[in-house]
2 protein chains.
Amino acid sequence: MTILRAIAHIPLFEGLPADQLEDLAMILADQVFRRGAVIFSEGEEGKGFYVVIQGRVKVYKLSADGKEQILHIFGPGEPFGEVPVFTGQNFPAHAEAMEESRVFFFPKQSFVNLIKQNPALALNMLGILSKRLRRFTALIDDLSLKEVPGRLAAYLLYLSKQKKGSPDLELSITKAQLAGLLGTIPETLSRILAKMAAQGLIETQGRRIKILDGRSLQELAESGGR
Amino acid sequence: MTILRAIAHIPLFEGLPADQLEDLAMILADQVFRRGAVIFSEGEEGKGFYVVIQGRVKVYKLSADGKEQILHIFGPGEPFGEVPVFTGQNFPAHAEAMEESRVFFFPKQSFVNLIKQNPALALNMLGILSKRLRRFTALIDDLSLKEVPGRLAAYLLYLSKQKKGSPDLELSITKAQLAGLLGTIPETLSRILAKMAAQGLIETQGRRIKILDGRSLQELAESGGR
């Protein structure tokens, strides 16, 4: 695949105008790593970010006794190392090719220069990422709506039981932590809480939640939210 | 809540250094909309993007016969209108406050000037969005791993049956379309295909998939992937 066609297929750059794709093609290094080759090591300064074009790359940490803990495996189209590079941190883990892999490397300094000359590139990329986040949020909503309301109902009833059946509850953890506990994201949790309030099951005010209809919550908890 | 504290709580700006938060505070307009107030209308030029601080905002379209189709409801911390503004499009829908809502408005031109002066702001925001995408991807993987492998197995067996039981299949849709059909994202679908290949169930090459172990696929389809 030519460099330009390959770039156009990277979701991070999806829908960028042709001139911006060409600018990116000018600064990247087209690299091939053999199976087992180290791409970067933990603690190294992030001089740029990577996108897998072909093959598979694992990002991992080594425990004190030398055991490998794989954090993530990246395949075609997926960027890696971009979070530390964008936020000015060193690489927090190692990266290694799991098979012969073609990878594009974008040097940070050249990328920053591109953005200085042409802020529209940064705006477009922010737009692309926002759009993907929006799509992912909708999917998480969708996937979560099967089970999370039931789990949340069970959790609220559990809190109430701990307070000897009082309907007046106060969350001792943040909504982000509660979302994690229930296996969803804060945005989805907020929507579920708002829906429960609209249905008259609960009343919410910040971290305070009042149970209005314990029987329906109980049914929700038992049905698993279906 | 003071403007600076409110900004620091917006996930889009999570972890930005104090000076960049202050730069953003300088350009925003702190607005309150009454219940039912129109924030923007479909077709309008996007002069800037918004973040809900308090309240709830619905984004909707009107069908030919005037019926309202709600696309999304945004709550505290969530940006809206940023995708068209970043990508230079007009607003594709209407936005209206569902209750009295406090909203921060970030004018596009001022935001572009900030990025020109200080590309680190754009890089940091790209880093924040990338990090959230990474987290969301992991969660979708997690949520999808319950049911998607089973659904995928059922789909492959269905394709094979259509070809009179031939194990040699060719997808007539893209992987992105197949991911949507199965209720997941392409990244997760790729990981599931790679795992099935590693387990010896299938062999993949681009859009061609060869079934190697139909019996195990059948079991997977029947168990729902659990």
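Start the tour by selecting A:Phe106, which counts as buried at 0% relative accessibility. Keep in mind as you click around that this is a predicted model.

**First stop: two phenylalanines in chain A**

Add A:Phe13 to your selection; this residue is buried too, with a relative accessible area of 0%. How many aromatic pairs does the structure hold over all chains? The count is 24. A:Phe13 and A:Phe106 make up an edge-to-face pair, with 5.5 Å from centre to centre and 65° between the planes. Now colour by secondary structure: A:Phe13 lies in the loop between helix H1 (3–8) and helix H2 (18–27) of chain A, while A:Phe106 belongs to strand S8 (residues 101–107), so the pair ties together parts that are 93 residues apart in sequence.

**Second stop: one residue back along the strand**

Stay on strand S8 of chain A and pick A:Phe105, which pairs with A:Tyr50 in a tilted arrangement: 4.9 Å centre to centre and 50° between the planes. A:Tyr50 is in strand S3 (residues 48–54) of chain A and A:Phe105 is in strand S8, so this contact ties together parts that are 55 residues apart in sequence. Are these two rings buried or exposed? A:Tyr50 counts as buried at 8% relative accessibility, and A:Phe105 counts as buried at 15%.

Next, widen the selection to A:Phe40, A:Tyr50, A:Phe74, A:Phe80, A:Phe91 and A:Phe105, and show their side chains: together they form one aromatic cluster.

**Third stop: a lysine over a ring**

Select A:Lys58 and A:Tyr60. The charged end of A:Lys58 sits over the ring of A:Tyr60, 5.5 Å from the ring centre. Then hop to chain B, where the charged end of B:Lys58 sits over the ring of B:Tyr60 at 5.4 Å from its centre.

**Fourth stop: a sheet in chain B**

While you are in chain B, display strands S2, S7, S4 and S5, which form an open four-stranded sheet in that order with antiparallel pairing. Which strands stand at the edges? They are strand S2 (38–40) and strand S5 (68–74) of chain B; each has a single partner strand, so one side of each is left without a neighbour in the sheet. On average, neighbouring strands of this sheet are turned by 35° against each other, direction ignored. Zoom in on S2 and strand S7 (residues 94–97) of chain B, which pair in the antiparallel sense over two bridges. Here you can find B:Val38 opposite B:Glu96 of S7.

**Fifth stop: helix H6 and the lysine after it**

Select residues 148–162 of chain B, which are helix H6: its 15 residues reach 21 Å from first C-alpha to last, close to the 21 Å expected at 1.5 Å a residue. Its buried residues include B:Leu152, B:Tyr155, B:Leu156 and B:Leu159.

Move on to B:Lys164, in the loop between H6 and strand S9 (168–170) of chain B. Its phi is near 55°, a positive value in a residue other than glycine. B:Lys164 is exposed, with a relative accessible area of 82%. In chain A, A:Lys164 is found in the loop between helix H6 (148–162) and strand S9 (168–170). Phi of A:Lys164 is near 55°, and A:Lys164 is exposed at 81% relative accessible area.

**Last stop: the domains of chain A**

Zoom out and colour chain A by its domain assignment, which gives domain 1 (3–138) and domain 2 (145–223). Taken over C-alpha atoms, the centres of domain 1 and domain 2 of chain A are separated by 39 Å.

Conventions. Residues are numbered from 1 along each chain as its sequence is written. Chains are lettered from A and ligands numbered from 1 in the order in which they are written. This is a predicted model: local features need pLDDT of at least 70, side-chain atom pairs count only at pLDDT 80 or more; totals for chains, interfaces and linings use all residues. Side-chain values use heavy atoms; hydrogens and water are left out. Domain bounds come from an automatic or database domain assignment. Rings of Phe, Tyr and Trp (its six-membered ring) pair if their centres lie within 6.5 Å; planes under 30 degrees apart count as stacked, over 60 as edge-to-face and the rest as tilted. Buried means under 20% relative accessible area, exposed over 50%, partly exposed in between (1.4 Å probe, protein chains only). A charge sits over a ring if NZ of Lys or CZ of Arg is within 6 Å of the ring centre and within 35 degrees of the ring normal. The expected span of a helix is 1.5 Å times one less than its number of residues. Two strands pair if DSSP finds at least two bridges between them. Axes are lines fitted to C-alpha atoms, for helices over the stretch in contact, and angles run from 0 to 180 degrees between N-to-C directions.
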